[in-house]
Amino acid sequence: MSRLCFGFACALALSVTVSLSAADWPQWRGPGRDNKISDFTAPATWPKELKQKWKVTVGDGVASPIMAGDKLYVFTRQGGDEVVRCLEAETGKEVWTDKYPAVEVGGPAKDFKGPRGTPAVAEGKLCTFGVGGTISCYDVATGKLAWRNETKGTPAFKTSYSPVIADGKCIIHSGGGGKGGGGKGEVVAYKLATGAEAWKWAGDPPAYASPVLMTVEGAKMVVVMTERNAVGLDVTDGRLLFKEPFQAARYGNTVTPIVDGATLILSGQGTGTVAAAVEKTADGFALKEEWKSAQAPHMYNSPSLVEGRIYGIAASRKLYCIDAKFGKTLWVDSKVRGDCGCVLDAGSCLLALSSDSNLLAFKPDEKAYAELARYKVADTPTWTVPIVAGKRLYVKDKDSVILWTLE
């Protein structure tokens, strides 16, 4: 009987693993960590309003929801606990939930007590990174905790970056002055199956940006932004491939890098935007600057690359567009948006959602901002990246998840 149950559980987990579809949004900024939507067709005529299908209260936090197959995964805080939920994407009905005690959040982060790190799902596992540095791994089919580890140290604004799963490993960047961190940091790869440490690189504490993956000259690497450097590490063994100075002028806040082939596009508020080629050297790799622009995103907003142009929300809270080949600013819209926001590549159009809770549809135009439609999608601030799948739009506001449909 035990073997039969085990076999059934394995089959169920396998079905979750292999049922991934083009509409999946399994991690921070989507499948490629680049805000590109693969399952959307813009309507010939945009409707006057969206239709709300359901709304579920899930708790506080600015971690974005993710989706794999027909399930949503949401990571929030309720009372004194951090809570992980699996919901049916069609109905919002809860499938499973787990919780554990959360750390107390004060100081500069006191108004954002919930998680900020977006979960990641792959290979039948779901990984979360809590506001106090707790990393947890769950079986997606059952919600059973596979393993849990505590990291060392958090920055002043607490853990605000998302894990990445690659080659059977969950990779995180932790550290900072709080919780015994001592101003140090480390990038750790945990074996997804067991939680055992696969490798570790010790260095600077993180700068709030989330890691990204890229492959150059056959070398698969994870790129992390520390308080003072851009660092590339070999995904297999954690070997240091490059370490180049890059530090944001304001609070040290850099945003998630953009990967464009063998080029990295790095941004930080007060520092600007830099494009740098990752080049092979005799003893590793190095960054070679291609261009630099004074235009930069707000420290809470990671820009997106679309058809050779970079779109983002500036510190002025205005949408902007930069040419990705030469770094020239093509336009800056006059309208003030929210503090935080994202721009999604939906193919024939772009979709943007900022913390003012307005969803914008506009043309991918190099000359000016050209709006197609605008919708109010929440009554409270929206600091997260939405999920767009077909005609469905999943939005996380302050304490709820809402499903809107484009009909």
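For what follows, Ala, Val, Leu, Ile, Met, Phe, Trp, Tyr, Cys and Pro count as nonpolar, Asp, Glu, Lys and Arg as charged, and the others, Gly among them, as polar. With that in hand, let us walk through this model, which is a predicted one.

We can begin with the open space. The largest pocket holds about 710 Å³, and 36 residues line it. Sorted by class, that lining has 19 nonpolar, 13 polar and 4 charged residues. If you would like to find the middle of the pocket on screen, look for Phe 157, Ser 160, Tyr 208, Met 299 and Tyr 300, the lining residues nearest its centre.

Now take a step back to the whole protein. Its secondary structure consists of 1 helix and 32 strands. The radius of gyration is 20 Å, close to the 22 Å that the globule rule gives for 407 residues, so the protein is as compact as a globular protein of that length. Measuring tape aside, the C-alpha trace spans about 65 × 55 × 45 Å along its principal axes. Of the 407 residues, 57% are buried.

With so many strands to choose from, two sheets make good stops. Strands of a sheet pair through backbone hydrogen bonds, either parallel or antiparallel. In one open sheet, 4 strands follow the order β10-β11-β12-β13 with antiparallel pairing. At its edges stand β10 (164-166) and β13 (197-203), each paired on one side only. Ignoring direction, neighbouring strands of this sheet are turned by 20° against each other on average. Inside it, β12 (residues 184-191) pairs with β13 in the antiparallel sense over 6 bridges, and here Val 187 stands opposite Trp 201 in β13.

Another open sheet also has 4 strands in antiparallel pairing, in the order β22-β23-β24-β25. Its edge strands are β22 (304-306) and β25 (329-332), which each pair on one side only. From one strand to the next, the twist averages 25°. Strand β24 (residues 319-323) runs antiparallel to β25 and is joined to it by 3 bridges; Tyr 320 stands opposite Val 332 in β25.

Just before this second sheet in the sequence, there is a hairpin worth a look. It is formed by β20 and β21, with 2 residues between them. Strand β20 (residues 272-281) pairs with β21 in the antiparallel sense over 9 bridges, and Thr 273 stands opposite Ser 293 in β21. The loop between β21 (284-293) and β22 contains Ala 296. Is Ala 296 buried or exposed? Its relative accessible area is 10%, and buried means under 20%, so Ala 296 is buried. In space, Ala 296 lies 4.6 Å from Gly 272, C-alpha to C-alpha, though the two are 24 residues apart in sequence.

Our last stop is the enclosed space. Rolling a probe the size of a water molecule over the atoms shows where empty space is left. The structure holds 3 cavities of 30 Å³ or more, and the largest cavity has about 120 Å³ of space. Its lining is made of 15 residues, with Phe 40, Leu 50, Leu 359, Leu 393 and Leu 406 nearest the centre. The elements that give two or more residues to this lining are β28 (358-362), β31 (392-396) and β32 (400-405). By class, the lining of the largest cavity has 11 nonpolar, 2 polar and 2 charged residues.

Note on methods
Residues are numbered from 1 along each chain as its sequence is written. This is a predicted model: local features need pLDDT of at least 70, side-chain atom pairs count only at pLDDT 80 or more; totals for chains, interfaces and linings use all residues. Side-chain values use heavy atoms; hydrogens and water are left out. Two strands pair if DSSP finds at least two bridges between them. Axes are lines fitted to C-alpha atoms, for helices over the stretch in contact, and angles run from 0 to 180 degrees between N-to-C directions. On a 1 Å grid over the protein atoms alone, a cavity is a set of points where a 1.4 Å probe fits but cannot get out, and a pocket is an open set with protein on both sides within 12 Å along at least five of seven lines; lining residues have an atom within 4 Å of a point. Grid points are joined across faces, edges and corners, and a volume is the space filled by probe spheres set on the points. The radius of gyration is taken over C-alpha atoms; the globule rule is 2.2 Å times the number of residues to the power 0.38. Buried means under 20% relative accessible area, exposed over 50%, partly exposed in between (1.4 Å probe, protein chains only).
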